[in-house]
Every structure is written in C-alpha cells, then in structure tokens.
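Colleague: I've just opened this one and I'm new to it. Could you walk me through it and tell me how you know what you say?

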Amino acid sequence: MSFLSVENIHHVYFTPAASTLAIEDISLSAEEGEFISFLGPSGCGKTTLLSIIAGLIKPTEGQTLLEGEVYHPSKKQDIGYMLQQDYLFPWKTIRENILLGLKLGKNEKASAEISALKLLNDIGLPQVEDQFPNQLSGGMRQRVALVRTLATNPKLLLLDEPFSALDYVTKLKLEDLVFTTLKRFNKTAVLVTHDIGEAIAMSDRIYLFAAKPGRLYKTYQVPQELRSLPPFESRNHPLYTDLFQTIWKEFETIEEPGAKH
Ligand SMILES: Nc1ncnc2c1ncn2[C@@H]1O[C@H](COP(=O)(O)OP(=O)(O)OP(=O)(O)O)[C@@H](O)[C@H]1O
Ligand SMILES: [Mg+2]
C-alpha cells in the first residue's frame, strides 16, 4: 500500500452551458517521504487533481487514499495545501497568520507556536512575527506561507506553483530551502509546476501530463544521483541536462493537438 494513492480519477466540470472533461483516468502514487511533481501545459488538470487530493473537490469517478483511507473532513489537518498566491490575511500579523490553521488545545498550541516561530527563524525570517504581510517582500511572504503550511504538521504537502511569482534568484533559494526543510521532516510532497528544471531539481519522480483532456502522458524516475542533491547543485549535474533534454522533447509533442501516448 502506498502512502498516497490516486486511483482512476476522472473529473468532469459541469456548468449550465457546457461540461468539460478536465482529467481522464489518472492513477499514480507516492511513498512516505517522496517528493513528486505534476508537470504539464496550462489546462491539463494539475490544479484540479491537487484539489481532489486535498479533498476540496469530489471527483466524478475514482478515489484518492492517504495511508489507505479515503479523505474525511476530520483528517483535514493531515494535508497542507500551499497555493500559488500566498493568501496571507493582510489585517493579521505574521504570527497570527502562521497560527491560523492550528486547532489545538491550549498546551499543544503553545508548543506548536514555539516550533512554528523557530521554523520562521530557521527559514531566514527572524523577528518578523509582529509585522504585517504588506511589510514583507513577495519572497518573504511565500516563506511565511510555507511556515504556515508546515505549522499544522501535515502528513502530506500540496504545493501549487509556489515559486512561479518570484524572481529567479529568490526562486532558486526558496527551492533549496523547501527541499531541505521537507527532507529534514521526511515530508511527502506533491509539487505542481510548469517548469521542467524545477521538477527535475526537486523531485524523486515526475508525472508529465497532457491536456484536452488532462491525462497522464509519461512518468520519469529522477536518477538517484540527482535526488540526493539539493536543487541548486542538481541543476549543475550532467544528468540534469540529459533529463531536461528528454522531457523538453516530450513537451513539444504534447503541445501538438491530438498528441497520443
Ligand atoms: N471551476 C471550473 N469550472 C469549469 N471548468 C474548469 C474549472 N476549473 C478548471 N476547469 C477546466 O478544467 C481544465 C483543467 O483546469 P486546471 O485548472 O486543473 O488546469 P491546470 O493544469 O492547473 O492549468 P494551469 O497550469 O493553467 O494552472 C481546464 O480545461 C479548465 O478550463
Ligand atoms: Mg493550475
């Protein structure tokens, strides 16, 4: 049994005017501590699938299992979902934003607060807890959002293009930070990205999707030599370039209409 199993997911969006087959027959899995990526062109159903795994959307067909169990609202804290935009509440301080998701008793809350503030410090943001989001840069806010996602100690992290709004240098730094933080806590994570290099540098396995309808096109196991390296070092390894070229060529075929596996 895998830690995360996605089994034969189909999803159709119905609107009064039309129905859209967003994703068709997707099955995949992740073991505990693995980092997997969903890579693919716009509209191939990456966010839809992430929302299904998070329990926010009920799929038309199929099921997802976390540790062998279907999602139940009481297990909400098991899954941390970090969205593309940071969604910090502007009227709340950084401390209040970070502690927002914690629904615990008084004592547990105090110790969770200590570890969340320590993580904020580890992530390079000491002494910001009493500031407001608009006093921080975009990269700083993304780091706060990451701490907030980790503060509830979820078993599974879902990251929907968390770096896409950042400048290149900040993005590379945050990739390393997220990678090392997740490895340190042995977290299982799913990253959604358009960026082939980011998927290779961060993941153990890459699921490449095609669009119209959204479906799984190919799966790439990232070589062990790259998996053990932090993303910045991975990008300098010759095997990185080889895999980049392979996926790049596939990407071109996917973007042609009617591409079949
Ligand atoms: N709420 C919705 N109602 C109707 N159709 C939707 C809805 N959300 C998404 N879709 C459609 O489902 C398909 C998949 O969308 P989704 O947002 O999952 O793609 P994506 O891979 O995340 O794209 P992007 O990379 O642009 O974020 C698209 O055709 C989209 O138009
Ligand atoms: Mg999306």
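**The two sheets and the ligand**

Modeller: Sure. Keep in mind that the model is predicted. One open sheet has 4 strands in the order β2-β1-β4-β5, and the pairing is antiparallel.

Colleague: What makes β2 and β5 edge strands?

Modeller: β2 (19–30) and β5 (69–70) each have a single partner strand, so one side of each has no neighbour in the sheet.

Colleague: How do you know that β4 and β5 are paired?

Modeller: Pairing takes at least two bridges. Strand β4 (residues 61–66) and β5 have 2 bridges, in the antiparallel sense, and that meets the cut-off. One bridge has L66 with E69 of β5 as its partner.

Colleague: What is unusual about E67?

Modeller: E67 sits in the loop between β4 and β5. Its phi is positive, about 50 degrees, although E67 is not a glycine. Most residues other than glycine have a negative phi.

Colleague: Which strands does α1 lie across?

Modeller: α1 lies across β1 (4–14), β2 and β4, and runs at about 120 degrees to β1.

Colleague: And the other sheet?

Modeller: That one is open too, with 6 strands ordered β6-β7-β8-β3-β9-β10 and mixed pairing. β6 (79–82) and β10 (215–221) are its edge strands, since each pairs on one side only. From one strand to the next, the twist averages 15 degrees.

Colleague: What makes the pairing mixed?

Modeller: Compare two pairs. β7 (residues 156–160) and β8 (residues 188–193) pair in the parallel sense over 5 bridges, while β9 and β10 pair in the antiparallel sense over 6 bridges. Both senses turn up, parallel and antiparallel, and the sheet is mixed. For examples of bridges, L159 has L191 in β8 as its partner, and A210 has R215 in β10.

Colleague: Which helices pack against these strands?

Modeller: Among them is α5 (residues 168–184), which touches β3 (35–39), β7 and β8, its direction making about 165 degrees with that of β7. Helix α9 (residues 238–254) lies across β3, β9 (205–210) and β10, at about 170 degrees to β10.

Colleague: What do β9 and β10 form, and what is in the turn?

Modeller: They form a hairpin with 4 residues between the strands, and K212 in the turn has a positive phi of about 55 degrees. P213 is in that loop too.

Colleague: Why is the bond between K212 and P213 called cis?

Modeller: Look at omega: it is about -5 degrees, and the peptide bond joining K212 and P213 is cis. Most peptide bonds are trans.

Colleague: Now the ligand. What surrounds ligand 1?

Modeller: Its shell includes Y13, A22, G45, T47 and E161. By class, the shell has 3 nonpolar, 6 polar and 2 charged residues. Helix α1 (residues 46–53) gives the most, with 3 residues.

Colleague: How do you know that K46, T48 and H194 make polar contacts with ligand 1?

Modeller: The cut-off is 3.5 Å between N or O atoms. A polar side-chain atom of K46 is 2.7 Å from an oxygen atom of ligand 1, a side-chain N or O atom of T48 is 2.5 Å from one, and for H194 the distance is 2.9 Å. These distances are within 3.5 Å, so they count as polar contacts.

Colleague: How much of ligand 1 does the protein bury?

Modeller: Taken alone, ligand 1 exposes 640 Å², and the protein buries 62% of that.

Key: Residues numbered from 1 in each chain as written. Chains lettered and ligands numbered in written order. Predicted model: local features only at pLDDT ≥ 70, side-chain atom pairs only at ≥ 80, totals over all residues. Heavy atoms only, no water. Near = heavy atom within 4 Å. Polar contact = N/O pair within 3.5 Å; in protein donor to acceptor, adjacent residues only side chain to side chain. Areas by Shrake-Rupley, 256 points an atom, 1.4 Å probe, with all protein chains shown as cover. Nonpolar A, V, L, I, M, F, W, Y, C, P; charged D, E, K, R; others polar. Axes fitted to C-alpha atoms, helices over the stretch in contact; angles between N-to-C directions. Contact = heavy atoms within 4.5 Å.
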